[in-house]
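Ready for some practice with a protein model? Work through each exercise on your own before reading its solution.

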2 protein chains.
Amino acid sequence: MNDFVGINLEDVADWFRQRDDFLVLTHRKPDGDTIGSAGGLVQGLRDFGKNAYILYNTEITPRYEPFLSEYWAAEDYVPKHIISVDTATTELFPVNGDVYKESIALSIDHHPTNTFFSEHTWLEPQRAACGEMIYELLINLNASVGEKVANNLYIAISTDTGCFAYTNTTADSLRIAAYLIEAGAMHNELNKTLFRTFTKSRIMLEGMIYSGLEFHFDGNVAISTISQQMLEESAATDDDTDGIAAIPGSIEDVVVGITIRESIVGEECRISLRSTEQINSADVCARFGGGGHAAAAGCTIAKPIDEAKKALLEVLGEYFP
Amino acid sequence: MNDFVGINLEDVADWFRQRDDFLVLTHRKPDGDTIGSAGGLVQGLRDFGKNAYILYNTEITPRYEPFLSEYWAAEDYVPKHIISVDTATTELFPVNGDVYKESIALSIDHHPTNTFFSEHTWLEPQRAACGEMIYELLINLNASVGEKVANNLYIAISTDTGCFAYTNTTADSLRIAAYLIEAGAMHNELNKTLFRTFTKSRIMLEGMIYSGLEFHFDGNVAISTISQQMLEESAATDDDTDGIAAIPGSIEDVVVGITIRESIVGEECRISLRSTEQINSADVCARFGGGGHAAAAGCTIAKPIDEAKKALLEVLGEYFP
């Protein structure tokens, strides 16, 4: 756990010991890791006798709001030191964080893409979640890890690891989660909310997606189609469609999983590709002006669903002759 | 971790130290916990210098077979001591285990419903998985925990906790899993196989289940029905239906999730209940001669699907008047 870039854990702990009056920034479209890291850090610093707040994030969702409600900075709060958590670039700052772009004192992050925009950067890219780093920091500070800290850090680690199922999960992720449970994290309630509860809309939409799945090229390619009509019938919100693009790629023996989501009825589709090492998703999407990573990429095709599908199958036919 | 019934960990460790030539029994419809516990125990005992085999389980599925293939007892193997793992009653023995019903020397189990059918019973009902107990046993024996043991015990603990998301998950479950990863468990490959890959049959079956979901008592009770026809149409195997009983209980605001699975067309259904703390699933299932845990229980009702559903709704009507 010594893969750090910039300053290391001990230096960061000293940095906090010698300072006070902190403001913590989260990233746009806040996920569990940025939320939980910010909440855990601020509560931990407060328990340690420091003054700390979080910059209000206008995109906070109802699921996470209760965990941060007591930490939002008042408009007249004058911080001395600005910190960002789980944020790789200043472009990911919320709109009201723009004013701090040039004045971040410390960036705590686990993204290998961090652009070193901060005076100090504590980066541990091997960490599954930024929340693991906050835990190590509080332990190093000899700060107490109470129930509120534990809940926030459990949210951070469990969400970024898909409840310990994603490939980023390490022995440390599990061990820290074990400590957090002993420190009072309500893991049962959190797991149920975050990982074991689905809305009726989600279940209904998944049912429609499953019924409409298509397989091509001897089962190497699976295509899932989501029309505007399906979204309306299921009354699915953005929360309900979270992670839905992973479905076709999660089917046994599928090499390329494609999700075609109608964005403008009869006119435009947004395409998500997930692939195994056999096919480069970014290459396929580049053919349609899109991009991304080898294992996951996307593009937009200005055609109705059936024609977009036909165009994709034509390109994929080159890979599966 | 001192909630034991019968003999305790230290006694069990001594019992193993003083004996040799073991045969381990798994339960019918073997799940990850009985498989992984048996595999981990036998490999651990072998590494410890003992002679140990597993009684062939005719219901072993292709998913788990590779993990036990080297442990199956030859037909002429003459064991001195018979052990069962993760098995609450002798009725759960596989058919070829019937001959051992009266001669089990040690039952290692975490089911509170264990009937004490064995000469010695090591029961820790607070354990999420029997696999955790096997881990503690091997540590107490000072036996090595190598890659094969680690894989088997990781399978046991991760499957019984739904990849650490179910309410039975404890800090110990996570901590032991962390040790197993460090001991060489291929958690990434296992997680992908066990929790992030679905067969076409599974996806097809889920689509049918989602379309047929019913809600009763103001949405407090969700019922999923799986007919033999659905299983045939989707060509679903036992592996494909693993964990499928959790679906209705995973829907927002549902207190009791019921899965009715037709076991004999028009004649018999197997029922699975999952519930929040508000309702004791075992109590409900006991009304039909079944049993289990407060949060998850089962029973068999010798009626066609519709009549079984009616009988269940009548009993549940007492809870939701």
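**Salt bridges and strands: worked exercises**

Across all chains, the structure holds 26 salt bridges, a salt bridge being a side-chain nitrogen of Lys or Arg within 4 Å of a carboxyl oxygen of Asp or Glu. This is a predicted model, where local features need pLDDT of at least 70, side-chain atom pairs count only at pLDDT 80 or more, and totals for chains, interfaces and linings use all residues. Residues are numbered from 1 along each chain as its sequence is written, chains are lettered from A and ligands numbered from 1 in the order in which they are written, and side-chain values use heavy atoms, with hydrogens and water left out.

**Exercise 1.** Find the salt bridge between B:Lys309 and B:Glu214, and say where in chain B each partner sits.

*Solution.*
- Step 1: The side chains of B:Lys309 and B:Glu214 come to 2.7 Å, N to O.
- Step 2: B:Lys309 belongs to helix 11 (residues 305-319) of chain B and B:Glu214 to strand 7 (residues 214-216) of chain B, so the pair links distant parts of the chain, 95 residues apart. Here helices (H or I, at least four residues) and strands (E, at least two) are DSSP runs, numbered from the N terminus.
- Step 3: B:Lys309 is buried, with a relative accessible area of 10%, while B:Glu214 is partly exposed at 27%. Buried means under 20% relative accessible area, exposed over 50%, and partly exposed in between (1.4 Å probe, protein chains only).

**Exercise 2.** Is B:Glu132, the salt-bridge partner of B:Arg127, buried or exposed?

*Solution.*
- Step 1: The salt bridge of B:Glu132 and B:Arg127 spans 3.1 Å, N to O.
- Step 2: B:Glu132 is buried, with a relative accessible area of 1%.
- Step 3: B:Arg127 is buried too, with 5%.

**Exercise 3.** Trace the path from strand 2 (residues 22-25) of chain B to strand 3 (residues 52-54) of chain B.

*Solution.*
- Step 1: B:Phe22 and B:Val24 point one way from strand 2, B:Leu23 and B:Leu25 the other way, and all are buried.
- Step 2: Strand 2 of chain B runs parallel to strand 3 of chain B, joined by three bridges; two strands pair if DSSP finds at least two bridges between them.
- Step 3: B:Leu23 has B:Tyr53 as its bridge partner in strand 3 of chain B.
- Step 4: Between these strands the chain passes through helix 2 (residues 32-47) of chain B, and this β-α-β crossover is right-handed: with the strands pointing away from the viewer, the path from the first strand over the helix to the second runs clockwise.
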